[in-house]
Amino acid sequence: MVIKKDPVDIVIVGFGWTGSLMAKELADTGLKILALERGEARDTWPDFAYPRITDELTYAIRLKLFQDPSKETVTIRHNQSQTALPYRRFGSFLPGNGVGGAGVHWNGMLWRPLKADLKLRSTVIEKYGAGFIPADMTVQDYPFSYEEMEPFFDKFEKICGAAGQAGNVNGTLIDGGNPYESERRNHYPTKPLKQQYSGMLFSKAAKELGYHPFPVPAANCSEPWTNPYGVQLGVCNYCGFCERFGCFTYSKGSPQSCVHPALKPYRNIEVRTQSQVLRVNTDSTGTKATGVTYIDANGQEVEQPADLVVLSAFQLHNVRLLLLSKIGKPYDPVSGEGVVGRNYAYQMNGGISLYFNKETFFNPFAASGTTGMFIDEFNSENFDHSGLDFIGGSTISATITGGRPIQQMSTPHDAPNWGTGWKKAIKESYLHTMNVSASGSVMPYKQCYLDLDPTYKDLHGQPLLRMTFDWQPNELKMTHFVGGKAEGIVRKINPDRYDMGFMGMDAHYDVRPYQSTHTTGGAVMGDNPKTSVVNKYLQSWDVPNVFVLGACCFPQNQAYNPTGIVGATALFAAEAIRTRYLANPGPLVQA
């Protein structure tokens, strides 16, 4: 039996960053807003209380904050000739679960895109000609400009109390910041975080090579800050437990720290946890959403009528919901037609481990998730690609995010993996190791996409999402090039020894080691319904009372972590709903 609930004005599916921002931005309308979260309720207290939250075995190894793949997972294959198999234990990426979503467990790197990131296709064509783009690459421009989005980047940084050093304020370059960043209206809300010795060594070497190092932009508050919602944030204490953990000091930018306290006075907002949405319901025409159907905490099927549906779940889940709900035409890689599932992309990472003698000390345990120095010389279109035969680029950095006793014990590649020899290598390496890392962009391709698996289903009997993805020559060439630049910095630092960790030209995507949770695409934004699922306001072309938020809307993946665009576009969409859509529901004309 299906239980039918009383109608609401707006239903929000998923209550992480984007869902929380949408709820707050629309709260003053007085409309009845219901958020449905598939996971459990979580708040800073008591769920992230110290010392409970600094339990690495529970949170980082047994993945308490993450999706349970025994209930729902994805199937994965490298190409269409293979049979996709279910991902039994998440490793490469870690979908969050519960209130706050990925906003709970991230490290906090808060980037704005470069102008070229937002207009990548047109920039490449203008610089190198259309023939520079490989025939199978489906790169496209975002449907808005950096200037149009800048106020929303600024607002999201203020909501997070972001720490950093500006490099370009109103066209004036500032020493110590990123000289390649696009113009900002304002400085960062709080001062840069403190640096580890590793960052100092990296900066010195980078400067000697003519580069311009700068501190990573951080959603980890460095001094007392009250955000635009009236929420007071704490100050980072460099505990070393950011990634995979909730923040117990109210200082890491998260829905719990930055948004949820401001929602408490509102009586028109309800959050129902352990409520997994199965599909968006539509009328007989298929062009109007009538609400959603979900499974509640008691395992009962519930129909929830609503006038407006906002999909704000994790990137993979949003794409799957669109496919299950038959909203938008599914992508066909053979014909190239269809849009839902198109342009799936990931992120290309590499790194070098540096080992020093006992005279050089690092204290990895005294770090935040954003303790590090970066250079941007080889990112996006900051350098000339002529003759390089690839599109995109990478940041290069020296970051330390902690010194946890299980996952953050680095040893040389030839050290034993167990026993007395392993213990000796740990003792010799722990305080004397740093890393130089690269985080690279990934372009979209006709052969990399998402669809519904024809064989495997979840515990509710619905098809799992199928991922078809592998590294392509463009990204392998890019990481080879960037690896050489990173090695040049390492040689200048001059450790006693170092181990390279960049992929070779014959590498394939490996789902086992963690790389990043920066999965993107599948419901991309654009100005053409034939190549996008949503318009610039993240409104569905086919069902105008459905809005789709998050990284699923990225046309391709940049080198930077995605949260900055995710937050800003959610705020942009919320303003469009509040100021335009609610007064005149229907398709929004793109300005």
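**Strand β2 and its partners.** I looked first at Val 13 and found that, in this predicted model, Val 13 stands opposite Leu 36 in β3. Following that pair outward, I noted that β2 and strand β3, which covers residues 33–36, run parallel and are joined by four bridges. I then traced the connection and recorded that β2, helix α1 (residues 17–27) and β3 make a right-handed β-α-β unit.

I next asked which strand β2 is joined to by five bridges. I found strand β14 (residues 301–311), which also runs parallel to β2, and there I noted Ile 12 opposite Val 310 in β14. When I checked the cover of β2 itself, residues 8–13, I found the strand mostly covered, with five of its six residues buried.

**The four-stranded sheet.** I turned to an open sheet with mixed pairing, whose four strands I wrote down in the order β5-β4-β20-β19. I marked β5 (85–86) and β19 (449–457) as the edge strands, each of which pairs on one side only. For β19 I looked up the pairing with strand β20 (residues 463–468) and found it antiparallel, over five bridges, with Tyr 449 standing opposite Thr 468 in β20.

**Helices α8 and α13.** I finally looked up how helix α8 (residues 197–208) packs with helix α13 (residues 473–493), and noted an angle of about 110° with the axes 9 Å apart. Because angles of 65 to 115 degrees count as roughly perpendicular, I entered α8 as roughly perpendicular to α13. I listed the contact as Leu 201, Phe 202, Ala 205 and Glu 208 of α8 with Ile 489, Lys 492 and Ile 493 of α13, and I counted five nonpolar, no polar and two charged residues in this contact.

Technical notes
Residues are numbered from 1 along each chain as its sequence is written. This is a predicted model: local features need pLDDT of at least 70, side-chain atom pairs count only at pLDDT 80 or more; totals for chains, interfaces and linings use all residues. Side-chain values use heavy atoms; hydrogens and water are left out. Two strands pair if DSSP finds at least two bridges between them. Helices (H or I, at least four residues) and strands (E, at least two) are DSSP runs, numbered from the N terminus. Axes are lines fitted to C-alpha atoms, for helices over the stretch in contact, and angles run from 0 to 180 degrees between N-to-C directions. Angles under 35 degrees count as roughly parallel, over 145 as roughly antiparallel, 65 to 115 as roughly perpendicular and the rest as oblique. Contact means heavy atoms within 4.5 Å. Ala, Val, Leu, Ile, Met, Phe, Trp, Tyr, Cys and Pro count as nonpolar, Asp, Glu, Lys and Arg as charged, and the others, Gly among them, as polar. Buried means under 20% relative accessible area, exposed over 50%, partly exposed in between (1.4 Å probe, protein chains only). A crossover is right-handed if, with the strands pointing away from the viewer, the path from the first strand over the helix to the second runs clockwise.
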